[in-house]
Amino acid sequence: MASLDFHWFLPTNGDSRDIVGGGHGVPVGAAGGVRPLTIAYLGQIARSAEQLGFAGALTPTGAWCEDAWLSTAMLTEVTERLKFLVAFRPGLVSPTLAAQMASTFQRLSGNRLLLNVVTGGESGEQRAYGDFLGKDARYARTDEFLSIVRALWRGETVDHHGEHLRVEGARLSRVPDPAPEIYFGGSSAAAGPVAAAHSDVYLTWGEPSAQVARKLDWIRGLNPGLRFGIRLHVIARDTAEAAWAEAERLLRHVSPADIEAVQAGLRRSESEGQRRMLDLHGGSRDGLVVAPNLWAGIGLVRGGAGTALVGSHTEIADRIEEYAALGITEFILSGYPHLEEAYWFGEGVLPELARRGLWRHPAGGSAQQASIPFAGVPIERPAPAAAPS
């Protein structure tokens with residue numbers, strides 16, 4: 001099996017030791033105090049992720065967070081290798097401008113751009129940006145949009161007169177080489193064909209293995225050549241008990257009223273993926289463990305990805321290996337707070353995956369050779385003292 005790729009997350013809406021709400025109609029900060037967002041703090045997370053061995057970092061899009069393009073462009077100056085998975089919404093800018101922006105970013109960053117296409121599952125938020133198309137029409141427009149962008153990246157002159165988009169004589173003066181890879185998520189019937197036609201990596205949120213397997217089979221039937229990725233939170237600790245105690249702590253101060261208010265907003269979502277997340281927990285604190293080491297508690301108070309891998313480093317490595325057996329090769333992870341949790345995973349789980357031959361540090365060599373503090377370094381423990389007689 002080829003080495004798996006791991007990506008981290010940049011919390012451009014703020015960070016916290018508690019679950020930070022945001023996106024999908026959830027008010028920022030509703031579930032906990034926010035660690036103020038600065039480019040210096042994002043830089044800390046990005047540099048730590050790079051050092052620990054993450055290949056890239058996802059940056060979200062929406063009215064609830066800072067702009068992904070501008071934030072990541074700034075962060076290219078404080079990192080060297082880390083790639084930036086920039087979430088963006090087709091249709092809010094012209095495809096020619098988007099292709100040019102991506103080409104510029106790719107060239108000036110040293111080929112460190114990845115693109116996460118977000119068609120948009122919330123009509124209310126889309127209308128705030130001036131987009132009044134319905135959900136299925138948005139996917140049809142995304143199809144046109146990506147067709148134009150791909151052609152421009154190939155150096156073609158594009159004339160396109162479509163149902164939703166029109167360009168004449170469009171051409172880039174300089175094309176990206178290589179072109180940025182496109183990551184695409186979507187669980188609805190309208191999403192699958194567009195993902196199959198245009199993406200390099202199809203993304204799913206963290207569902208139990210059987211559900212993920214069915215979704216991947218669906219996409220393979222449309223395009224057998226795609227790679228697959230999964231978006232999850234993670235709570236990794238030295239022991240399972242410590243990990244589950246942290247999961248319980250995250251919800252300790254969340255009231256039933258908080259949960260009901262968030263769930264009411266999420267139930268209005270048009271996103272099929274969001275509906276699948278809600279179905280895992282039904283808005284209840286009971287039965288949040290929906291599969292071995294898969295906890296749906298995050299989704300009680302956060303929109304979007306709502307599940308976390310919770311357990312010891314070995315247990316989480318086991319679950320990752322199971323997802324990998326289904327065909328998942330890329331893992332986009334996050335945790336609260338994002339700086340500290342990157343170290344828990346990077347120093348605990350990644351060395352275990354390296355030991356199993358499932359991961360290698362992107363900088364080359366082993367984790368220890370890459371000078372990651374404590375990662376993969378055997379710990380000499382003193383022998384236990386003899387019991388008093």
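Pro-337 sits in the loop that links β13 (328-334) to α12 (338-355), and in this predicted model the peptide bond reaching it from Tyr-336 is cis, with omega near -15°. A cis bond also leads from Asp-177 to Pro-178, here with omega near 5°. Pro-178 belongs to the loop between β6 (166-170) and β7 (181-185). Such cases are worth a look, because most peptide bonds are trans.

Backbone phi angles offer two further points of interest. Asn-111, although not a glycine, has a positive phi of about 65°; its place is the loop between α3 and β4 (113-117). Asn-293 likewise is not a glycine and has a positive phi of about 65°, in the loop between β10 (289-291) and β11 (294-295). The surroundings of the two can be told apart by accessibility: Asn-111 is partly exposed because its relative accessible area is 31%, whereas Asn-293, at 10%, counts as buried.

Turning to the surface, the largest pocket has a volume of about 280 Å³. Its lining draws two or more residues from each of α2 (68-75), β3 and α3. The lining comprises 16 residues, and those nearest the pocket centre are Thr-61, Asp-67, Trp-69, Arg-89 and Leu-92. By character, the lining residues are eleven nonpolar, two polar and three charged.

Leu-92 also takes part in a nonpolar surface patch with Val-93, Leu-97 and Tyr-129, and together these residues have about 300 Å² of accessible area. Leu-92 lies in the loop between β3 (83-88) and α3 (95-109), and its relative accessibility of 31% is why it counts as partly exposed.

Conventions. Residues are numbered from 1 along each chain as its sequence is written. This is a predicted model: local features need pLDDT of at least 70, side-chain atom pairs count only at pLDDT 80 or more; totals for chains, interfaces and linings use all residues. Side-chain values use heavy atoms; hydrogens and water are left out. Patches are made of residues with over 30% relative accessible area and no salt bridge: like charges are joined within 9 Å, nonpolar side chains (Val, Leu, Ile, Met, Phe, Trp, Tyr) within 5 Å. Accessible areas come from the Shrake-Rupley method with a 1.4 Å probe; for residues, only the protein chains shown count as cover. A salt bridge is a side-chain nitrogen of Lys or Arg within 4 Å of a carboxyl oxygen of Asp or Glu. Helices (H or I, at least four residues) and strands (E, at least two) are DSSP runs, numbered from the N terminus. Buried means under 20% relative accessible area, exposed over 50%, partly exposed in between (1.4 Å probe, protein chains only). On a 1 Å grid over the protein atoms alone, a cavity is a set of points where a 1.4 Å probe fits but cannot get out, and a pocket is an open set with protein on both sides within 12 Å along at least five of seven lines; lining residues have an atom within 4 Å of a point. Grid points are joined across faces, edges and corners, and a volume is the space filled by probe spheres set on the points. Ala, Val, Leu, Ile, Met, Phe, Trp, Tyr, Cys and Pro count as nonpolar, Asp, Glu, Lys and Arg as charged, and the others, Gly among them, as polar.
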